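Reader: Hi! Could you walk me through how the chains are arranged and where the salt bridges sit?

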There are 2 protein chains.
Amino acid sequence: VLGFRSEPVQHLRRLTTNRRFRWTERRFVIEGPNRLEEALRSGLPVEGVYIETTASADLLALADRAKAGGAAVFELQTGVLARVCEVATPQPVAAVVPMVDVGVGDIDFTSLAVVAVGVQDPGNAGTIVRSAGASGAGAVIFCEGSVDLYNPKTVRSSAGALFHIPAVTGVNAEEVLDELGRKGLRRLATVPRQGDIYSDVDLTGATALVMGAEAAGLPDAALARCDGRITVPMAADSESLNVAMAATVLCYEAARQRGWAFPNSRIRPGST
Amino acid sequence: VLGFRSEPVQHLRRLTTNRRFRWTERRFVIEGPNRLEEALRSGLPVEGVYIETTASADLLALADRAKAGGAAVFELQTGVLARVCEVATPQPVAAVVPMVDVGVGDIDFTSLAVVAVGVQDPGNAGTIVRSAGASGAGAVIFCEGSVDLYNPKTVRSSAGALFHIPAVTGVNAEEVLDELGRKGLRRLATVPRQGDIYSDVDLTGATALVMGAEAAGLPDAALARCDGRITVPMAADSESLNVAMAATVLCYEAARQRGWAFPNSRIRPGST
């Protein structure tokens, strides 16, 4: 039974708190039985499972499944996960898994891609992944200057969608927009005002929804590369929706226009 | 220049942290220049303004406007607002204002009402208010058992919408659903599966969107009072959307169906 200072727990802690260490290791931390279950189901090689001594029989069985697949299982003293994950009510289990992002070349260029340029808030970033996944979008792309896709808060808010939708990260916004244009996607910049009303725009074709930062919006170089501008209308006296809410509205309008034709197969991590 | 232990600051602190004290006083705390500006613009009697000594000239001018309207203005030592509001990067100003909720009888029964039953997460609750406000809904109703509408996190995530959309709080879910039914609203329960696809349902008439708790969904007594059930479809492998995301999707679908006919006038706090 390991305490907070033990070496495996400190490794988990560094992966949780240190972006550079995550990327050096190319591993990240997932929390909770649902995430662990999904990781195992998606065939991802789970490397470490950290479980509270008080875990339920179901959870111990899940840890055994991970162990059978090659994971090291660590039993922890009560309260250790709360300190590692810095949450008041932690999940009873955490796990270390390899990163799941894919290259731009690996996404489906005939579908809907959500492109985040400079999205800083981890909760918003995770919600974008979650909405894109739930609405059946083909990919999410986080450009340089956005929050780390593997930030624990982002992973938490994405609610497992990282395992279901191809995600690209760390790409240069201008380069990726050029590339999406060459592949025939219609690049639509989301702007707070004076764009076309989003629901008047045909979103059934190959489309990239380009979302800007919470405060600054899209940089000129990104705007200049887009083929159109769309706006989510608002009551006159409202502040702007945040970027996660706008992405949710747009992804669901695209899904509605596409007649809820959710893709049956998606590119999975490791399938390329 | 007041410190953390001064009496006015401790009053602010109690209003921030103590739900019962808020309701005894029937006052709550708003943070930031935008909220203060909106409170003044909406004619709300601002009672106290708490401002950092390092505030900008613009902000001092805003505080002067509040003072001219009868507010007491308190200058604070640097760092006091961070401690009071328990946020890492606090706004440079906070203010105490009277509660703004209205009675059920004061809402527009011909429009769209969002009814939250047992929504526990303050961020989700605030996002529901924000989405309802931005999409031009007629009212939000938080039933007993939901998080406090005036929780600082809820106020923060509502992004000022509390000043723009009539909000009802603390009502009994069964009673309010009965009342909405008598007033002719079509009560649609949002359920995670097996409801009608929301975009196939006519949302242009007088409608109540009834949203359940994050985990438990709607209680049977609330479900039994609804006239229909709607579902936001999801890709097969997704976890459910959270209640705030679902409310955002539904409010915007209603606004789309209504042709973006945002109401020109709304019931304001104090207008009854």
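Author: Happy to; we can start with the symmetry and then turn to the salt bridges. Keep in mind that this is a predicted model.

Reader: Thanks! How does chain B lie on chain A?

Author: A turn of 180 degrees, with a shift of 0.0 Å along the axis, lays chain B on chain A with an RMSD of 0.0 Å. That is how a two-fold axis relates two copies.

Reader: And which C-alpha of chain B is nearest the axis?

Author: That of Val249(B), which is 2.7 Å from the axis.

Reader: What about the interface: do the copies meet through the same surface or different ones?

Author: The same surface, because 100% of the interface residues of chain B are also interface residues in chain A.

Reader: Nice. Switching to salt bridges, how many are there over all chains?

Author: A search of the whole structure gives 26.

Reader: What does Asp178(A) pair with?

Author: Its partner is Arg225(A), and their closest N and O atoms are 3.0 Å apart. Asp178(A) is in helix 8 (residues 173-182) of chain A, while Arg225(A) is in the loop between helix 9 (220-224) and strand 11 (228-231), so the salt bridge ties together parts that are 47 residues apart in sequence.

Reader: Are those two buried or exposed?

Author: Neither label fits. Asp178(A) is partly exposed at 29% relative accessibility, and Arg225(A) is partly exposed too, at 25%. The buried class needs a value under 20%, and the exposed class one over 50%.

Reader: Got it. Which residue does Arg182(A) meet in a salt bridge?

Author: Glu179(A), with 2.8 Å from N to O. Both belong to helix 8 of chain A and are 3 residues apart, so about one helical turn separates them. Arg182(A) is exposed at 64% relative accessibility, whereas Glu179(A) is partly exposed at 22%.

Reader: Now over to chain B: where do Arg35(B) and Glu38(B) lie?

Author: In helix 3 (residues 33-41) of chain B, 3 residues apart, or about one turn of the helix. They form a salt bridge whose closest N and O atoms are 2.8 Å apart.

Reader: Is that pair buried or exposed?

Author: Buried: Arg35(B) has a relative accessibility of 10%, and Glu38(B) has a relative accessible area of 7%.

Reader: Last one! Which residues are linked in a network of salt bridges?

Author: Glu253(A) and Arg256(A) from chain A, together with Glu253(B) and Arg256(B) from chain B, are linked in such a network.

How values were computed: Residues numbered from 1 in each chain as written. Chains lettered and ligands numbered in written order. Predicted model: local features only at pLDDT ≥ 70, side-chain atom pairs only at ≥ 80, totals over all residues. Heavy atoms only, no water. Least-squares fit on C-alpha atoms with pLDDT ≥ 70 in both. Contact = heavy atoms within 4.5 Å. Salt bridge = Lys/Arg side-chain N within 4 Å of Asp/Glu carboxyl O. Helix = DSSP H or I, 4+ residues; strand = E, 2+ residues; numbered from the N terminus. Buried < 20%, exposed > 50% of the residue type's maximum accessible area, 1.4 Å probe, protein only.
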